[in-house]
Amino acid sequence: EAIEKGGYDHFMLKEIYEQPKSIKDTMRGRIHLDKGLIALGGIRDYERALANARRIIFVACGTSWHAGLVAEYLFEELTRIPVEVEYASEFRYRNPIIYDDDIVIAISQSGETADTLAALEIAKQKGATTLGICNVVGSTISRVTDAGAYTHAGPEIGVASTKAFTAQVTVATLMALHIAHFKGSINTSQFNRYLFEFQSIPDKVERVLEKAAESKVIAEIYKDATNALFLGRGINFPVALEGALKLKEISYIHAEGYPAAEMKHGPIALIDENMPVFVIANQGPSYKKVVSNIEEVKARSGKVIAIVTEGDKDVKDMADYSFEVPECDELFTPLLTVVPLQLISYHVAVMRGCNVDQPRNLAKSVTVE
Ligand code: G6P
């Protein structure tokens with residue numbers, strides 16, 4: 001096992017560090033900058049169906065559901081196709097309304113999650129086209145779907161998903177860009193600009209990892225918290241959910257993820273000097289709004305740990321701690337902003353003496369209902 005961990009103390013840490021490679025492996029052979037195209041062989045016969053879809057419905061569980069929420073922002077922004085993201089366990093029992101020009105896309109690392117599989121069966125019965133975004137080659141979900149695109153994250157052993165999430169977001173980005181270009185909702189020069197920028201993401205993730213030591217400092221300060229709040233807006237709202245899930249599943253600290261503006265409808269009541277509030281505050285369309293949300297937290301003596309863009313000043317001045325990530329197009333930021341949150345959760349869990357790779361009561365793959 002020590003050999004499998006490749007010198008890391010835990011699989012989770014190894015998998016966090018593998019992300020530049022796993023994202024690159026997921027992009028490999030699919031981005032052709034010279035020809036100005038994305039090749040996704042698995043869905044080649046479904047491009048037209050996707051471009052003409054009435055709706056795209058993502059079904060998933062856990063972290064894969066969060067990847068679905070990121071995909072919703074990507075697809076709606078780029079392709080202008082309406083998207084819904086469903087918990088597979090809810091979708092399957094709701095007698096969902098599905099049209100035969102809907103496309104249902106299952107996202108699953110293992111490709112074996114029982115609820116996700118059952119949701120797909122219902123979508124099939126109702127006549128929808130089904131696609132899969134799976135990591136495990138030959139898994140049940142990859143076999144029962146009409147087609148799909150694999151994530152090439154490699155085996156993920158840690159129960160808390162890290163590199164599978166960023167690989168899922170990578171595939172969703174490739175699919176959204178490809179379909180948007182195919183249907184003409186973005187023009188060729190926009191497409192080429194996105195492609196050029198997207199292929200620089202693995203290097204930018206590497207730059208985030210170079211600052212990993214800062215996440216340990218932050219973890220040391222907040223490791224004894226009993227509650228934590230994670231806030232984000234837009235495409236980084238799902239990252240807030242994922243940050244909260246990571247912390248709660250491996251460190252057993254109660255954590256909630258919220259859309260930053262929604263905080264005032266509930267969680268703000270919990271904020272005091274003992275409450276760490278992790279805020280994704282990168283430069284982008286929501287920046288100014290997030291700054292006012294941080295002011296609201298500070299006014300109640302909350303402790304703010306902000307994920308900011310390199311060179312940021314305003315948020316850094318207000319926050320108790322900040323962690324910088326490289327600048328990039330808003331649509332690709334989740335691949336960078338999630339990494340410090342993974343690292344902080346990891347270090348908090350280790351410092352609290354938790355079993356990071358096998359948290360209590362959790363399973364890597366939930367094959368029963
Ligand atoms: C379990 C795992 C999570 C995972 C979820 C969905 O809860 O612990 O890490 O996100 O199942 O699994 P899947 O294999 O379908 O992505």
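This is a short tour of the structure, going from one selection to the next.

Before selecting anything, keep in mind that the model is predicted; the protein averages a pLDDT of 96, with 100% of the residues scoring at least 70, and the model scores are ipTM 0.98 and pTM 0.97.

**First stop: strand β3**

Select residues 55-60, which form strand β3, and you will find that five of its six residues are buried, leaving the strand mostly covered. Now add residues 102-108, strand β5, which pairs with β3 in the parallel sense over five bridges; to see one of these pairings, pick V59 in β3 and look across to its bridge partner in β5, A106. Then add residues 83-87, strand β4, which runs parallel to β3 and is joined to β3 by five bridges. Here the residue to pick is A60, whose bridge partner in β4 is Y87. To follow the chain between these two strands, select residues 62-79 as well: this is helix α4, through which the chain crosses from β3 to β4 in a right-handed β-α-β crossover.

**Second stop: strand β11**

Move on to residues 303-309, strand β11, where six of the seven residues are buried, so the strand is largely enclosed by the rest of the structure. Adding residues 276-280 brings in strand β10, which pairs with β11 in the parallel sense over five bridges, and V279 can be picked out together with A306, its bridge partner in β11. The route from β10 to β11 passes through helix α13, residues 287-299, and this β-α-β crossover is right-handed. Next add residues 321-325, strand β12, which runs parallel to β11 and is joined to β11 by five bridges; V308 and its bridge partner E324 in β12 show where to look.

**Third stop: the nonpolar core**

Which residues touch the most other members of the largest nonpolar core? Select F58, V59, A172, V279 and A306, which hold that place among the 125 residues of the core. The largest share of this core, twelve residues, comes from helix α8, which can be shown by selecting residues 163-183. Centre the view on A172 and, leaving aside its neighbours within four places in sequence, look for the residues in contact with A172, namely A67, V70, A71, L74 and I133.

**Fourth stop: helix α9**

Select residues 188-198 to display helix α9, and colour F191, Y194, L195 and F198, which are buried. Looking down the axis of α9, you will see these buried residues fall within an arc of 100 degrees, so they line one face of the helix. Turn to the other side of α9 to find S189 and F196, which are exposed. What do the buried residues of α9 pack against? Their surroundings are β1 (31-32), α8 (163-183) and α10 (201-209), each of which can be added to the view.

**Last stop: helix α11**

Finally, select residues 212-222, helix α11, in which S215, I218, A219 and Y222 are buried. Viewed down the axis of α11, the buried residues fall within an arc of 105 degrees, so they too line one face of their helix. On the other side of α11, A213, V217 and E220 are exposed. Keep β10, β11 and β12 displayed from the second stop and add α15 (334-351), since the buried residues of α11 pack against these four elements.

Definitions and conventions:
Residues are numbered from 1 along each chain as its sequence is written. This is a predicted model: local features need pLDDT of at least 70, side-chain atom pairs count only at pLDDT 80 or more; totals for chains, interfaces and linings use all residues. A residue is buried if 20 or more other C-beta atoms lie within 10 Å of its own, exposed if 12 or fewer, and partly exposed in between; C-beta atoms are placed from the backbone. The arc is that of the directions from the helix axis to the C-beta atoms. Two residues are in contact if their C-beta atoms, placed from the backbone, lie within 7 Å. Two strands pair if DSSP finds at least two bridges between them. A crossover is right-handed if, with the strands pointing away from the viewer, the path from the first strand over the helix to the second runs clockwise. A nonpolar core is a set of buried Ala, Val, Leu, Ile, Met, Phe, Trp, Tyr and Cys residues joined through C-beta atoms within 7 Å. pLDDT is the predictor's confidence in each residue, from 0 to 100.
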